[in-house]
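Visitor: Got a minute to walk me through this one? I'd like to start with the pockets.
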Amino acid sequence: MRLITHLRHVDLAVPDYDKQREFYAGVWGLTEVANDSGLSFLAAEGSPEQYIIRLRQADDKRLDLIAFGAETPADVDALAERLGGAGVRLISTPGAIDTPGGGYGFRFFDLDGRTVEISADVALRAHRKLEPKESVPVRLSHVVLNAPDIDATRVWYETHLDFALSDTLSSPHMGKVMHFMRCNPQHHSMAIARGPHTSLHHISFELRGLDEYMYGTGRLLRSGTRMIWGPGRHLAGDNTFSYFLDPHGNTVEYTTELEELDEDTWHPGVHDFSQPEVTDQWGTANPMNELVAKESFNDPDRGVFVAPPV
């Protein structure tokens, strides 16, 4: 039985906190819901999650935390017991969480040393239905992680957290380069990309629809934000994409219409990403090449960091 239900939020540490905060709460279209001495919590207008991005002032840039949701505190306890029993290093045992919305959860390190949180009973945030042409994120869509051994990381998430493989990208010359993983019927809540080091590949934000996705893409372009790839439509997941760089060089994506699967009948496929229609069904994006791919390798994570509880 799968106990993780969805992706809650992604937490980033940044040296230039003010510039990063201005970007996400400004042109990117998130809403700051709390701000406390070098911490900023940013929500999506259409999401009941208390926040989907947390920024922290720090000397070093890093990925602090990835948070997933569970249905009940009992599910949180079951996952903590399972992970602890399997020898996974726990950062904290299940208990109260002192972040906006509260809740009950715990933290641990994944195979690559990332901090992961699982929580339940987080209070829902008052949210709203976005209007036509309102081109701000509805919710957090997915997160993609760079890993030197994507097969090992895939197996770790399958074994310990019941993630399922949806599809794989491969090529005749490079072999497997990305695994799309799901924790619910959405094609992927997480993906694992082959990179030279452990790091964040990109964070993806869901827009209301195609019009809103294009309006948002245009707004970012007019602002001078650098778009590295897009606009286009992937084959795996069937979602649209426009990839930009935030002020600290993290790749962030506007997307919409991510595929929902019938999990009882779905069989993972292997797609050859050297074929142009695999990376972009529309043929509208700039070609994927080695230079574009390297943009999302990101800076190497600077080692294990135990994210504080606030």
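Guide: First, the classes: Ala, Val, Leu, Ile, Met, Phe, Trp, Tyr, Cys and Pro count as nonpolar, Asp, Glu, Lys and Arg as charged, and the others, Gly among them, as polar. This is a predicted model, where local features need pLDDT of at least 70, side-chain atom pairs count only at pLDDT 80 or more, and totals for chains, interfaces and linings use all residues. Residues are numbered from 1 along each chain as its sequence is written, and side-chain values use heavy atoms, with hydrogens and water left out.

Visitor: How does the lining of the largest pocket divide by class?
Guide: It has 18 nonpolar, 10 polar and 4 charged residues. A pocket here is an open set of points on a 1 Å grid over the protein atoms alone, where a 1.4 Å probe fits, with protein on both sides within 12 Å along at least five of seven lines; lining residues have an atom within 4 Å of a point.

Visitor: Which element gives the largest share of that lining?
Guide: α6, with 4 residues. Helices are DSSP runs of H or I, at least four residues; strands are runs of E, at least two; both are numbered from the N terminus.

Visitor: And the second largest pocket, what gives the most there?
Guide: β1, with 4 residues. That lining divides into 8 nonpolar, 7 polar and 5 charged.

Visitor: New topic. Where is Ala123?
Guide: In the loop between β8 (115-120) and β9 (139-147).

Visitor: What does Ala123 touch?
Guide: Pro48, Gln50 and Gly101, leaving aside residues up to four places away in sequence. Contact means heavy atoms within 4.5 Å.
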